[in-house]
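User: Hi! Could you walk me through the ring contacts and a bit of sheet in this one?
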Amino acid sequence: MKHIVILGAGTGGTMMANRLARRLPSSEWKITVVDRDGDHVYQPGLLFLPFGDSRREELVRPRTLFLPPHVELVLRAVERVEPEHSRVAFQDGSSLRYDFLIVATGTRIVPEATAGLTGPGWRRNTFDFYTLDGAEALGRALSELKGGRLVLNVVEMPIKCPVAPLEFLFLADAFLTQRGIRDRVELALATPLDGAFTKPRAAAMLGGMLDRKGIQVVPNFNVEAVDTEKRVLRSYDNREEPYDLLVTIPQHQGSELVARSGLGNDTGFIPTDKHTLQSKAFPNIFVLGDATDLPSSKAGSVAHFQSEVLTENVLCAVAGKPFGASFDGHANCFIETGFGRAMLIDFNYETEPLPGRFPLPGVGPFTLLEESHVNHWGKLGFRWVYWNMLITGRDLPLDHRMVMAGKWS
């Protein structure tokens, strides 16, 4: 019997296991998914946790709920991949051979990579919200905040969900307004980018929204060190940004097992063909989601669209045929803007976000590059779609390719 091994039981890995399990005969192919623990975390919900709009127990479910019975789940720490032997080596000394390997190990935050960030003020005046513990601790700090300067700092790109820092500031603006202390809190974004976002048209619109909400943007700020006792951010060009409460988006890196295996670049992301999703170094290894080095967003929607492409290409590889599907960098994302409203953006490698209606041309119900209450409810409703359809690999009525119907320039 031939064997497909999937490293990572997060969004991408779980979708791939389900999709391949439906397409490959179980009498000929064994599918094994490997992860360190049995908890699946709904990562988009972490954004809402600090504001009391979600709870830990709503965001965590057992991985076993989302895998078919004939897919094997191995909860064991991986030491390394040995691609020259088509083998996964575990830290307990055992190993697992594969015919094809799919790497969906995601990305991790590395706050310790920034000098001083995890110093005495860590989880006291300095917080992240990209982890469950960090988001809960930040929620307690926000509920006790009386005034001062709140700075959100993006240490370095790329990061998971590139719009999440902006969403946090928009939600903080609404949260503090509703608490009646917005006039006593200064909000600021210190970012290594030269504006609010990477795509020019969206950056201009989002930058305008930050300005209207009285949120300062400190561009081209590349943080060198953090003094959590003096509460100061220092950049490589010797600028300083003081804070009373720091919300950090720490440096992101690929999985440590990728680095130990020699599969990744200097930040642990795997060189991947941007269209086929095949490893550039090993033809029987494929990569998707945040584990890739692709110039696409590290976001759940990208993993979803990639999973459709990758399923077809793995089936082609299994049959010894040329690849039949191509990923175009498609991403879409709801952006919470506060007070029960949100925007939606839809873009790919070549085309930046454009205004219009989505997914039905002229009908929507969602509006692109425009705030609406419908978009907000779409973001909230996505949680149900995620748990019940997306990660189980069910087909959604969305093309994995970006379509121009319904958009205008």
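Analyst: Happy to; we can take the aromatic pairs, then the charges over rings, then a sheet. This is a predicted model, with local features needing pLDDT of at least 70, side-chain atom pairs counted only at pLDDT 80 or more, and totals for chains, interfaces and linings using all residues. Residues are numbered from 1 along each chain as its sequence is written, and side-chain values use heavy atoms, leaving out hydrogens and water.

User: How many aromatic pairs are there?
Analyst: There are 14. Rings of Phe, Tyr and Trp (its six-membered ring) pair if their centres lie within 6.5 Å; planes under 30 degrees apart are stacked, over 60 edge-to-face, the rest tilted.

User: Why is the pair Phe51 and Phe168 called tilted?
Analyst: The ring centres are 5.2 Å apart and the planes lie at 40 degrees, so the pair is tilted.

User: Are those two buried or exposed?
Analyst: Both Phe51 and Phe168 are buried (under 20% relative accessible area, 1.4 Å probe, protein chains only).

User: Which residues form a ring cluster?
Analyst: Ring pairs link Tyr42, Phe66, Phe382, Tyr386 and Trp387.

User: Switching topic: which ring does the charged end of Lys274 sit over?
Analyst: That of Tyr349, 4.3 Å from its centre. Lys298 lies over the face of Phe269, 4.1 Å from the ring centre. The rule asks for NZ of Lys or CZ of Arg within 6 Å of the ring centre and within 35 degrees of the ring normal.

User: And what stands opposite Val81?
Analyst: Val88, in E7. Strands here are DSSP runs of E, at least two residues, numbered from the N terminus, and two strands pair if DSSP finds at least two bridges between them. E6 and E7 (residues 87-90) are antiparallel over four bridges.

Terms used: Buried means under 20% relative accessible area, exposed over 50%, partly exposed in between (1.4 Å probe, protein chains only).
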